[in-house]
Amino acid sequence: MTVNSDPASGFRLSVRLADTVEVAVAGELDIVSAPDFAAVLAALVARGHGRITLECDELSFIDASGLGALAATRALLDPVAGEMSVHGLSDAAYRVFEITDLVDLFHAQRQNPKPHADESDEQEPDQVAKRVSRVVAESARADVLTDVLTHVTAMARNFIGSCDGASVTLRRADNLITAAASDETVRHLDEVQYTGDGGPCVDATHHGVQIHAPSLVDEQRWGPFTTQARDRGMESVLSSPLTVGEQPAGALNLYSRTPDAFRTSDRALASEFATFTAMLLHQLERTTAQQFEGRIRDALISRDVIARAQGVLMERLEVDAQDAYDTLRRDSAKSSIPLRQRALDIVEETQDHADAHDPEGRAHG
Amino acid sequence: MQMHTTRKAVPMADPPLDHARIGAGLSVTELWLRYFALGGNNEPLELEAYLHGALEPTTEEHNLIAHAINERHVELGGDHPVPYVNDDRRGGGT
């Protein structure tokens, strides 16, 4: 059953009702066709069809609006524990799913899956896209994180007891790292703990409890760390876990050259500082991820516009894709109009021109 | 999207791309987002390798990165300090 078509973009949607509904999508799934597409899928879900497979062998183009329609349908399926798979994607369309990290969510598959792609989860192509997202989100966070934690260590050193040095330990995969330290002595003493036989910050991170060593002279729990700390004049240490949820994200470590420097009230204050730092880290992680998602969506729209303008120029100037892109870029540089804006102008001019010749616009069948 | 039809290496730009990036006040992440929005297809780590000279970009990649940096300079009221490579074959304009 063909339920919708649009001759201008070649968009076509056919539905075959079965236990798993098969929806064949052809042509361009873009800002024009996406609303109709989303409405059809929503109607299917509303009628109790919770398992949907999209067959995309004839899908020639998908943009951010198309992805948005898919995401909207996926959201409708969540409450009914439904499933949606997207099969037969071209390399270009599959790349869009990879970049937006949606391969897993939509069980996205290419037209011709590469051999051995399903042998092991570790080798699936979406690993590349996941790595991109993680790397970018991580480096975006790293700059802010360093600033925030540097402030935290400075404040802890100034406000808590007779503290002479402070640092923050964080988990990174299976390792511990010092993300910020008030000085190099403290950083070194942290690192001795990570590579040697442990110490207060390792114990606080692993066990999620505050570790207090009031007198390193009498301390028996750790070997190399205690010796090296005493060699550098440290007499007492206090490590408080950074707890978000069940597993501590790391520890706030305070070092002092005074024996028994951290009294009961100081230990309570250190705990407060650690909780505050953990909440800050948690919030920072969420905020950065959200900002990053928005930027990626915006970048995808920009890429769509540029690709369309490239297509117009290829036809208009009878050049290949690279020459069309170079023309756009040179034009942008010459006029100091951003490339994206230049591309948008070209797409809109072309659209206006088409509308002038076809005032009825695209007819939906 | 940006197409890559050749893999011809180009000489190191002068001033180096990373120098221009820092001059434009862009973090590597911010530059990657701009580069990606302009059609770039490489991952952030590869972009970083181009910036530091560990990998040599193709002519097309170099010009794309240069343009992403130059657009930021223009936003800040400046000019286009990063030169494009092999860009005098034909005139611009559409």
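Chain A exposes about 18100 Å², and carbon and sulfur atoms supply 51% of that area. The model is a predicted one, and the numbers here should be read with that in mind. Of the 365 residues in the chain, 44% count as buried. As for contacts, take those in chain A with a separation of 6 or more: 58% of them come from residues 24 or more positions apart. The secondary structure adds up to 10 helices and 10 strands.

Now for the sheet. Five of the strands of chain A make up an open sheet, and reading across it the order goes S7-S6-S10-S9-S8, with antiparallel pairing. Strand S7 (175-181) and strand S8 (211-213) of chain A sit at the edges, each pairing on one side only. Going from one strand to the next, the twist averages 20 degrees. Strands of a sheet pair through backbone hydrogen bonds, and this can be done in parallel or antiparallel fashion. Inside this sheet, strand S6 (residues 165-172) and strand S10 (residues 248-256) of chain A run antiparallel and are joined by 6 bridges. To pick out one pairing, A:Ala166 has A:Leu254, in S10(A), as its bridge partner.

Two helices come into the picture here. Helix H5 (residues 184-195) of chain A packs on the sheet and touches S6, S7 and S10 of chain A. The direction of H5 makes about 175 degrees with that of S7(A). Helix H6 (residues 200-207) of chain A packs on the sheet as well, and its list of contacts takes in S6, S7, S8, strand S9 (236-243) and S10 of chain A. For H6, the angle is given against S10(A), and the two directions make about 150 degrees.

On to the aromatic side chains. Over all chains, the structure holds 3 aromatic pairs. In one of them, the rings of A:Trp222 and A:Phe225 have their centres 6.1 Å apart and their planes at 80 degrees; that angle is over 60 degrees, so the pair is edge-to-face. Both partners have low accessibility values: A:Trp222 counts as buried because its relative accessibility is 5%, under the 20% cut-off, and A:Phe225, at 1%, counts as buried for the same reason. A:Tyr255 joins A:Trp222 and A:Phe225 in one aromatic cluster. The residue range of strand S10 in chain A, 248-256, takes in A:Tyr255, a member of that cluster.

Technical notes:
Residues are numbered from 1 along each chain as its sequence is written. Chains are lettered from A and ligands numbered from 1 in the order in which they are written. This is a predicted model: local features need pLDDT of at least 70, side-chain atom pairs count only at pLDDT 80 or more; totals for chains, interfaces and linings use all residues. Side-chain values use heavy atoms; hydrogens and water are left out. Two strands pair if DSSP finds at least two bridges between them. Helices (H or I, at least four residues) and strands (E, at least two) are DSSP runs, numbered from the N terminus. Axes are lines fitted to C-alpha atoms, for helices over the stretch in contact, and angles run from 0 to 180 degrees between N-to-C directions. Contact means heavy atoms within 4.5 Å. Buried means under 20% relative accessible area, exposed over 50%, partly exposed in between (1.4 Å probe, protein chains only). Accessible areas come from the Shrake-Rupley method with a 1.4 Å probe; for residues, only the protein chains shown count as cover. Rings of Phe, Tyr and Trp (its six-membered ring) pair if their centres lie within 6.5 Å; planes under 30 degrees apart count as stacked, over 60 as edge-to-face and the rest as tilted.
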